[in-house]
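I opened my notebook to look up how protein and DNA meet here. Come along and read over my shoulder.

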Number of protein chains: 2
Amino acid sequence: MFSEEQNKLAKIAKVLGHPARIAILQYIIKSQSCICGDLVAEIGLAQPTISQHLKELKNLEIIKGTISGTSVCYCINQDNWKKINAIFSEFLNINNNNLNCC
Amino acid sequence: MFSEEQNKLAKIAKVLGHPARIAILQYIIKSQSCICGDLVAEIGLAQPTISQHLKELKNLEIIKGTISGTSVCYCINQDNWKKINAIFSEFLNINNNNLNCC
DNA sequence: CTTATTAATCGTAATATTGCAATATATAGA
DNA sequence: TCTATATATTGCAATATTACGATTAATAAG
């Protein structure tokens, strides 16, 4: 029903469409890397909830998690972050200057 | 619980997080302006469904609708499109190059 | 081996989203 | 005024999302 591009764009936007996931990404960037417990303390949602949001971010491959002892170290997947940035920029930078606007 | 910025970003992303709404935006850009019926014919969802998606896009003020006889002419709100682009670019262009990644 | 720590998963309740048929509203034209 | 056209709104069913307590799994430390 929709094009590959439309589905891809929407899928990315959907994952970014929750403030907790934005907060998680911003905190990971700020701290360079962190564990789930850091995010629970920082954001103030329950551990299973944070874990669930991390799972969605991992599914999008915008972050990656590395097991380190009993904890998991999360950081940005820089290559995919750049790809996602490129996909979004391409869409948002469409020149829609239009004198025929109603 | 979340910052103004986080909520704003998530709100924008959430609206963009459905392929029908991406398709609507792309079609409006391509055709410069169109009416609801054009989108129903183009996209293949029922008229109330398209109308509902248009409402969400209007709420975000990324599009605007002008009454023209019995129909409503929709086009991109260029100023707000640019603002949304700026908000997203600022977030996605954060330099997260990081050698301390786990 | 036992216990503590950390994160993931399961189960579930509350809420939100999506899609559409039916209906309402509003304007244009005969 | 009556009818046709275009869109919005309502109501509702199906599905998805969000949040969290309880539990599980996996590793580390004693």
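I started with a term: a polar contact is a pair of N or O atoms within 3.5 Å; within protein, one must be able to donate a hydrogen and the other to accept it, and residues adjacent in sequence count only if both atoms are side-chain atoms. With that in hand, I found a polar side-chain atom of B:Gln52 at 3.3 Å from a base nitrogen of DNA strand C.

I noted that this is a predicted model, where local features need pLDDT of at least 70, side-chain atom pairs count only at pLDDT 80 or more, and totals for chains, interfaces and linings use all residues. Residues are numbered from 1 along each chain as its sequence is written, chains are lettered from A and ligands numbered from 1 in the order in which they are written, and side-chain values use heavy atoms, with hydrogens and water left out.

**Entry: DNA strand C**

I looked up phosphate contacts next. A polar side-chain atom of B:Thr49 sits 3.1 Å from a phosphate oxygen of this strand C, and one of B:Arg21 sits 3.2 Å from a phosphate oxygen there. Which residues come nearest to DNA strand C? They are A:Gly37, A:Gln47, A:Ser51, A:Tyr74 and B:His53, out of 24 around the strand; a residue is near a strand if one of its heavy atoms lies within 4 Å of it. Of the strand C atoms within 4 Å of the protein, 66% belong to sugar or phosphate and the rest to bases.

**Entry: DNA strand D**

Here I counted 24 surrounding residues, with A:Lys14, A:His53, B:Gln47, B:Ser51 and B:Tyr74 the closest. B:Ser51 has a side-chain N or O atom 2.8 Å from a phosphate oxygen of strand D. For A:Thr49, a polar side-chain atom lies 3.2 Å from a phosphate oxygen of strand D. B:Thr70 uses a backbone N or O atom, 3.4 Å from a sugar or linking oxygen of strand D.

**Entry: two helices of chain B**

Helices (H or I, at least four residues) and strands (E, at least two) are DSSP runs, numbered from the N terminus. I saw that the axes of H2 (residues 19–31) and H4 (residues 47–59) of chain B come within 10 Å and cross at roughly 75°. Axes are lines fitted to C-alpha atoms, for helices over the stretch in contact (heavy atoms within 4.5 Å), and angles run from 0 to 180 degrees between N-to-C directions. H2(B) and H4(B) are therefore roughly perpendicular, a label for 65 to 115 degrees.

Methods
Parallel < 35°, antiparallel > 145°, perpendicular 65-115°, else oblique.
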